[in-house]
Amino acid sequence: MAETRRALDSAEVLTLKHLALVGALDGERKLSCASLADRLDASTQTASRRLQRLEEEGFIDRDVVSDGQWITITDDGRRRLRTEYETYRRIFEVDEELTLAGTVTSGMGEGRHYITLSGYMRQFREKLGYEPFPGTLNVDLTEESIRTRTRLDALDPIVIDGWESDDRTYGPAYCYPATLTVGDEQYAETHVITPERTHHGDDHLELIAPEKLRDTLPAEDGTEVSIRVTEQ
Ligand SMILES: Cc1cc2nc3c(=O)[nH]c(=O)nc-3n(C[C@H](O)[C@H](O)[C@H](O)COP(=O)(O)O)c2cc1C
Ligand SMILES: Nc1ccn([C@@H]2O[C@H](COP(=O)(O)OP(=O)(O)O)[C@@H](O)[C@H]2O)c(=O)n1
Ligand SMILES: [Mg+2]
C-alpha cells in the first residue's frame, strides 16, 4: 500500500517541472542549487528546501556531491507531472474523446465473484442504476491505448466504496460510463471499472454492463473492440 502523503504545493510542482525540463526525467542530471534558484527566480535556500521536500516525498532521487547534486525524477515524480499534464489537457481539450481500443480476452475468472458480492452489488444498483451481469469483460489494450488510459485519471469516476465482511476487507473500484463498439454494433449502457486492488496491469481494461456482452454484441476472445469513455 502506498503511504498517504501531503499533496505538493504549486511551487514544489513547479520545481519538479523545471527538473523535468532540464532532463531529470530521462536520467541523472547534475545541478547546483544556485542554478536551480536562478531558473525558479527564488533564493538558493528556497530552491534547496524544495529539493529536500521533493526527495522526502519520493518524487526525486538525489546524490549530493561537492559541487552540486545529481538528480533523477522517480516514477512517482513522473506520475505527479503526468497528473498535472492531464489536468491541462482537460482544460484545453475538453471536446476530445477518450477512446480506447483492444481485443476481448479471458481473465482469471474472478470478476464474477467480486461483481456478485452484496457489498458491491448494492452500490452498483444505487450508483449505476443497474445490476451488472456477473463478471467483467476483459480487454487487452493496444500499446497506444495503454498510454491513453492514463487520461482516465483526469475524469471524476463514480466511486464504488471499499467495505468489510467478517473476515476481510474489499477495496474500492472506480466506474466510468462508456460506449462499447464492435464493428457496427454499439452498446451504450456499460462502465469501465478499475478496481483499486487488481491482479491485472495497465494493459488490461475491464467492463461491466447489465447484460452479457459476449452474447449481446456478440464478442469472443480476439474480437476487436473500441471503448469511448463518455463524461457523466
Ligand atoms: C468490483 C471489484 C472489486 C474488486 N475488489 C478486489 C479486492 O478487494 N481485492 C482483490 O484482490 N481484487 C479485487 N478485485 C479484482 C479481481 O481480483 C480481479 O483482478 C479482476 O476483477 C479481474 O478479474 P478477471 O480476470 O476474472 O476478469 C475486484 C474486482 C472488481 C470488479
Ligand atoms: N458484462 C459482461 C461481463 C462479463 N462477461 C463475460 O462473462 C464471463 C465471466 O466474467 P469474469 O470476469 O468472471 O471472467 P474473466 O474475465 O476472468 O474471463 C467472461 O467470459 C466475461 O468475458 C460478459 O460477456 N459481459
Ligand atoms: Mg473479467
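Where is E206 found? The points below start there and work outward. The model is predicted.

1. **E206.** E206 sits in strand β11. Buried or exposed? E206 counts as buried, because 21 C-beta neighbours fall inside 10 Å and 20 are enough for that class. Leaving out residues up to four places away in sequence, E206 touches G111, T136, L137, N138 and I193. Two of these names, T136 and N138, come back under point 3 as annotated positions.

2. **T198.** UniProt, in an unreviewed entry, puts T198 under "binding site" together with E206. T198 belongs to the loop between β10 and β11. T198 is partly exposed, because 17 other C-beta atoms lie within 10 Å and a buried residue needs 20 or more. So this annotation covers T198 and E206, of which T198 is partly exposed and E206 is buried, given the cut-off of 20.

3. **T136 and N138.** The unreviewed UniProt entry also lists T136 and N138 for "binding site". T136 lies in the loop between α6 (118-128) and β5. N138 lies in strand β5 itself. Which of the two is buried? T136 is buried, because it has 27 other C-beta atoms within 10 Å. N138 is partly exposed, because its count within 10 Å is 19 and the buried class starts at 20.

4. **Contacts of T136 and N138.** Neighbours within four places in sequence are set aside here. T136 is in contact with G111, I115, I193, E206, L207 and I208. N138 is in contact with T105, S106, G107, H204 and E206. E206 appears in the list for T136 and in the list for N138. E206 thus ties the annotated positions T136 and N138 to β11.

5. **Strand β5.** How do the side chains along β5 point? They alternate. L137, V139 and L141 point to one face and are buried. N138 and D140 point to the other face and are not buried. N138, then, is an annotated position on the face of β5 that it shares with D140.

6. **Partners of β5.** β5 pairs with strand β4 (residues 98-105) in the antiparallel sense, over four bridges. G102 is opposite L141 in that setting. β5 also pairs with strand β11 (residues 204-208), again antiparallel and over four bridges. There, N138 stands opposite E206. N138 and E206 are also in contact.

7. **Ligand 1.** How many residues surround ligand 1? The shell has 21 residues, and the closest are G107, G111, G171, P195 and R197. α5 (111-116) and β10 (185-195) each supply at least two of the shell residues. α5 gives the most, with three. By class, the shell holds nine nonpolar, nine polar and three charged residues.

8. **Ligand 2.** Ligand 2 is surrounded by 16 residues, the closest being G107, G111, R112, G135 and R214. The elements giving two or more residues to this shell are α5, β5 (137-141) and α8 (213-216). Six of the shell residues are nonpolar, seven polar and three charged. G107 and G111 are among the closest residues to ligand 1 and also among the closest to ligand 2. G107 is a contact of N138 as well, and G111 is a contact of T136 and of E206.

9. **Domains.** The chain divides into domain 1 (10-92) and domain 2 (98-229). Their centres, taken over C-alpha atoms, are 36 Å apart. Six residues from domain 1 and four residues from domain 2 make the contact. What is the make-up of the side of domain 1 that touches domain 2? That side has no nonpolar residues, two polar and four charged.

10. **Whole chain.** The chain has eight helices and 12 strands. Its C-alpha atoms fill a box of roughly 65 × 45 × 30 Å along the principal axes. Of the 232 residues, 25% are buried; T136 is one of the buried residues. Counting contacts between residues at least 6 apart in sequence, 63% join residues at least 24 apart.

Conventions: Residues numbered from 1 in each chain as written. Chains lettered and ligands numbered in written order. Predicted model: local features only at pLDDT ≥ 70, side-chain atom pairs only at ≥ 80, totals over all residues. Near = placed C-beta within 6 Å. Nonpolar A, V, L, I, M, F, W, Y, C, P; charged D, E, K, R; others polar. Buried ≥ 20, exposed ≤ 12 C-beta atoms within 10 Å, placed from the backbone. Pairing = 2+ DSSP bridges. UniProt positions renumbered as here; feature names shortened; annotations may be inferred. Contact = placed C-beta atoms within 7 Å. Domains from an automatic or database assignment.
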